[in-house]
Amino acid sequence: MTSGDATLAPGVPDRAEKSRSLGADAWRELRTNPLFVISCVIILIIVVMMAFPGLFTSVDPNLGDLSKARQSPGGDAWFGYDTQGRDIFSRVIYGARASMLVGIGATVVQVVVGVLLGVLGGFFGRWVDVIISRIGDIFFGLPFMLGAIVVLTTLNPPQSSPGQVAIILQVVLSIAVLSWPISMRLMRSATLTAKQQDYVKAARSLGASTPRIIFRHLLPNSIAPVMVYATIALGANIGAEATLSYLGVGLRPPVVSWGVMVSDAATYFETSPHMLLIPAGFVTFTVLGFVMLGDAVRDAMDPKSR
Amino acid sequence: MGRYILRRLLQLIPVFFGTTLLIYVLVWLVPGDPFAGKCGDRACPPAYIEQMTHKYNLDQNIFVQYFLYLGKLFQGDFGQTYSGVDISTLIGQAYPITVRLAIIALIFEGVIGLAAGIITGLGRKRFVDNLVMISTLVLISLPVFVTGFIIQVVFGMDLGWMSVTVSSDAPWGELIAPGFVLASLSMAYVARLTRTSIKENKRADYVRTAIAKGQPQKRVIGIHLLRNSAIPVMTFLGQDLGALMGGAIVTEGVFNIKGIGGLVKQGIETKESMQVVGLVTILVLVFLVMNLIVDLLYAVLDPRIRYD
């Protein structure tokens, strides 16, 4: 990885050599990749929308004016009105918060659980590995959508009305519970390779304790594949939130999210498609941002693909 | 190889029991009276409740219930719904439809996904490459139901090439559009996977050797390059058949197809727990068996992989 450019700065060979670590190399590659720049801009816009919706609109997202129901996009309301006469532009802006919260929350839980179990299974091997892997297989064997529907209906039988925080937590946890085995497997196989490296043996012979080896040496050195997966998974989780709401088991009305908007609009799709296409477009746009980011980071981190 | 197959089969057993137990407990734990609303407006007569409680072993501990259920299942008895319809009959009607849908989706993935992957992997045309990369990116980002709605509106309503919903016996012809929708996400993955795999193998030593010893290009590509690049793609396609059948629930909902997904959803909504458990158990079995077959196929495709 540090080949070639040593002649670039003949006066200070040591520093030039040092600055071209794998991370620095990846960063150089990333900055020049248009995919990375575009995805960062998209994500930045969505994050600002999530944090400060008031910057974009001053209209109340829950204020309905039935005389304007299902009006098409026009001068007063860029994105038109929904079936209760609420301003879609404002709802889409405010909806970013719940959708992103679900996406980020589910990704964090699934990655933390997967990484911890994966590194433990990979490091200790034997029965610890067998048990963790089989439990992973059990959850991986459940078809994702079916599993999520069953979990969410068990928690909220039809006609019940859970609170806003409760339902967001439930959606986050049910997505995470069904998808942690993927990051566990990635982490496990990365740990298996890293475990054989000399620096682990060196640390051991210097008397480092097991927790120190795991958390200070193995974890930072084998987390890269999981981080790439996490960016793509974050996008996928935002899509999953929309799909679950569309199926009627995810977030529901007092909460404003893109999935809830899509689910409200589905029955009117033939007459007023803008109600569905606009929130769905935002979902697509956000997922696109994260998938592109994941792609760019993977290309930059994988020296083989250069 | 024999020992490997045996070991894989043994590993499958705890996973099968774990997954089905999980589903069983989740489904039967749905809170609320299982008999609420089952007898119209009136409350159910005690005789009916007693009979049903006995039939589903509801008076037993949930783990005992589960093993009694599995015992019957292994004899091919899926049980009955509350209204007395055999669940095996329901499955018999819905299963062929979902299988047809999954096969069409798999064909789309195989044909379009592979073709796009091979063309971009082998070719040097920047324009085609960018086109495929961008269109797959968009397909990956679109939630499946949105793809479904768009196809319905464009081809069903604006162009009038197909009907928006699928009739109840779902002939092959009507399933083409839903099959495409179901395949859309995986098709994009197949295209990208094939492209990466070919690009990587193009620089492999054995390809250089084949060219160096003067083999015609057709043979180098057909025999050496493509066959070796097929391994990750085959793995993906094999695992995907199981995932497609489980994932069909959304597509079936959008196009109103009376398949497994529709039955599961209806079962959950009407609290027909027996129906849900039976259907999901079958899906899990298909998924596990497909994974096993894929693992064994590795050895056939890649002689470098040995299992003993």
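Read along the sequence, chain B goes α-α-α-α-α-α-α-α-α-α-α. That is 11 helices and 0 strands. Before going further: this is a predicted model, with an ipTM of 0.77 and a pTM of 0.78.

I'll stay with chain B for a moment and look at confidence. The mean pLDDT of chain B is 78, and 87% of its residues score at least 70. Among its elements, helix α2, residues 46–55, has the lowest mean pLDDT, at 71. The highest belongs to helix α8, residues 205–212, at 86.

Now the general make-up of chain B. There are 308 residues in the chain, and 35% of them are buried. If you take the contacts with a separation of 6 or more, 74% are between residues 24 or more positions apart.

One helix pair in chain B is worth going through. Helix α9 of chain B covers residues 217–255, and helix α10 of chain B covers residues 260–269. Their axes come within 7 Å and cross at roughly 80°. Angles of 65 to 115 degrees count as roughly perpendicular, and α9(B) and α10(B) are therefore roughly perpendicular to each other. Which residues of α9(B) and α10(B) meet? From α9(B) there are B:Met245, B:Ala248, B:Ile249, B:Glu252 and B:Gly253. From α10(B) there are B:Ile260, B:Gly261, B:Gly262, B:Val264 and B:Lys265. By class, the residues of this contact are 5 nonpolar, 3 polar and 2 charged.

Next, the contact between the two chains. Chain B puts in 36 residues and chain A puts in 31. On the chain B side, the elements that each supply at least two residues are α1 (2–28), α5 (126–141), α6 (144–158), α9, α10 and α11 (273–301). So both helices of the pair I just described are on that list. The largest share of the chain B side comes from α1(B), with 8 residues. What is the chain B side made of, by class? It has 29 nonpolar residues, 6 polar and 1 charged.

Over to chain A. Chain A has 12 helices and 0 strands, and from the N terminus the order is α-α-α-α-α-α-α-α-α-α-α-α. Of its 306 residues, 45% are buried. For contacts with a separation of 6 or more, residues 24 or more positions apart account for 68%.

I have two places to point out in chain A. The first is the pair α4(A) and α5(A), where α5(A) is residues 126–141. The axes come within 7 Å and cross at roughly 145°, and the crossing is left-handed. On the α4(A) side the contact is made by A:Leu117, A:Leu120, A:Gly121 and A:Phe124. On the α5(A) side it is A:Arg126, A:Val128, A:Asp129, A:Ile132 and A:Ser133. That contact has 5 nonpolar, 2 polar and 2 charged residues.

The second is helix α11 of chain A, residues 258–265. Why is α11(A) described as largely enclosed by the rest of the structure? Because 8 of its 8 residues are buried. A residue counts as buried here if 20 or more other C-beta atoms lie within 10 Å of its own. The buried residues are A:Trp258, A:Gly259, A:Val260, A:Met261, A:Val262, A:Ser263, A:Asp264 and A:Ala265. They pack against three helices of chain A, namely α4 (88–124), α10 (224–246) and α12 (274–301).

Technical notes
Residues numbered from 1 in each chain as written. Chains lettered and ligands numbered in written order. Predicted model: local features only at pLDDT ≥ 70, side-chain atom pairs only at ≥ 80, totals over all residues. Buried ≥ 20, exposed ≤ 12 C-beta atoms within 10 Å, placed from the backbone. Helix = DSSP H or I, 4+ residues; strand = E, 2+ residues; numbered from the N terminus. Contact = placed C-beta atoms within 7 Å. Axes fitted to C-alpha atoms, helices over the stretch in contact; angles between N-to-C directions. Parallel < 35°, antiparallel > 145°, perpendicular 65-115°, else oblique. Nonpolar A, V, L, I, M, F, W, Y, C, P; charged D, E, K, R; others polar. Left-handed = near helix turned anticlockwise from the far one by under 90°. pLDDT = per-residue confidence, 0-100.
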